[in-house]
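Colleague: I would like to take a close look at one part of this model, the packed interior, and to have it described in one connected account. Please say how each term is defined as you go.

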Amino acid sequence: MIISHNNLMKMGANIVTPLNEKMVNIASIDICVGSKIVVEDLICNRDGKGSRSYYRTIDLNYLGYTSEEKPYYVKPGMFLLVATYEHVKVPNDCAIDLRLKNMIVKMGWSLSSGSWFEPNEEIDVIEIANITKWHVLKLWYGMPFAQIITHKLRWGTSDLLNVF
């Protein structure tokens, strides 16, 4: 059973920290981009013969990438690890489906990681990619990006463990 707005309002603070009640929808809670992202970059070897890739962390908030007018630009095909602004903890009697918001998918973003989270798992990083061929996409700190749909389990996990 999917948990709806009234119950999300009651139990939301136990799932999402901090909970912004404006982000609670009919059957989901919006999740925003946090301050840190990790991107793959390329560095040329000093001898000029080849290059190697490495990962670097970027603090969107510190560098001022904080609005649609001042975004971080993500090139086509680029893969990122994105910290979420909120910390999500799946309750013991629930499971969570994490999805990108529809408008985000239509822009050309794709969720690269698994989207299903079991009881007691935590979410604070998501893996995303710009899957467009030609379009540079915008990303900024605080951008509503994903949503979680919380499913109430028919039996609690302790009940399920006793079955096996």
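Colleague: To begin with one residue of that interior, is cysteine 32 buried or exposed, and what is its relative accessible area?

Modeller: Cysteine 32 is buried, because its relative accessible area is 6%, and buried here means under 20% relative accessible area, with exposed meaning over 50% and partly exposed lying in between (1.4 Å probe, protein chains only). Before going further, please note that this is a predicted model, in which local features need pLDDT of at least 70 and side-chain atom pairs count only at pLDDT 80 or more, while totals for chains, interfaces and linings use all residues. Residues are numbered from 1 along each chain as its sequence is written, and side-chain values use heavy atoms, with hydrogens and water left out.

Cysteine 94 also counts as buried, at 0% relative accessibility. The structure nevertheless holds zero disulfides, a disulfide being a pair of cysteine sulfur atoms within 2.5 Å.

As for the setting, the protein chain has 164 residues, of which 38% are buried. There are three helices and 11 strands in the chain, where helices (H or I, at least four residues) and strands (E, at least two) are DSSP runs numbered from the N terminus. Among contacts between residues at least 6 apart in sequence, 69% join residues at least 24 apart, contact meaning heavy atoms within 4.5 Å.

The largest nonpolar core has 36 residues; such a core is a set of buried Ala, Val, Leu, Ile, Met, Phe, Trp, Tyr and Cys residues joined through side-chain atoms within 4.5 Å. The residues with the most contacts inside this core are Ile37, Leu80, Trp109, Leu139, Phe145 and Ile148. Helix H1 (5-15) gives two or more residues to the core, and so do strands S2 (29-44), S4 (72-74), S5 (79-89), S6 (94-100), S9 (122-130), S10 (137-139) and S11. Of these elements, S2 gives the most, with five residues.

Isoleucine 148 lies in strand S11, which runs over residues 144-152, and isoleucine 148 is buried, because its relative accessible area is 1%. Not counting residues up to four places away in sequence, isoleucine 148 touches Ile15, Val16, Ala27, Ser28, Ile29, Ile31, Val88, Ile96, Asp97 and Leu98. Its C-alpha is 17 Å from that of tryptophan 109, a residue 39 places away in sequence.

One of those partners, aspartate 97, belongs to strand S6 and counts as buried, because its relative accessibility is 9%. Leaving out residues up to four places away, aspartate 97 touches Ser115, Trp116, Gln147, Ile148, Ile149 and His151.

Phenylalanine 145, with its neighbours within four places set aside, is in contact with Ile31, Cys32, Val33, Leu100, Lys101, Ile104, Trp109, Ile126, Ile128 and Leu139, so that cysteine 32, the residue you asked about, is among its partners.

Isoleucine 128, another partner of phenylalanine 145, is found in strand S9 and is buried, because its relative accessible area is 0%. Beyond four places in sequence, isoleucine 128 touches Met78, Phe79, Leu80, Val82, Leu100, Trp109, Ser110, Leu111, Ser112 and Phe145. Its C-alpha is 17 Å from that of tyrosine 54, which is 74 residues away in sequence.

Cysteine 32 also has a partner in a loop: methionine 23 touches Ser28, Ile29, Asp30, Cys32 and Pro144, again without residues up to four places away. Methionine 23 sits in the loop between S1 and S2 and is buried, because its relative accessible area is 16%. The C-alpha atoms of methionine 23 and proline 144 are separated by 8.6 Å, although these residues are 121 apart along the chain.

That loop between strand S1 (16-17) and S2 also holds proline 18, and the peptide bond from threonine 17 to proline 18 is cis, with omega near -10°. By way of background, most residues other than glycine have a negative phi, and most peptide bonds are trans. Asparagine 120 is not a glycine and has a positive phi of about 70°; it is found in the loop between strand S8 (116-117) and S9, and it counts as partly exposed, because its relative accessibility is 40%.
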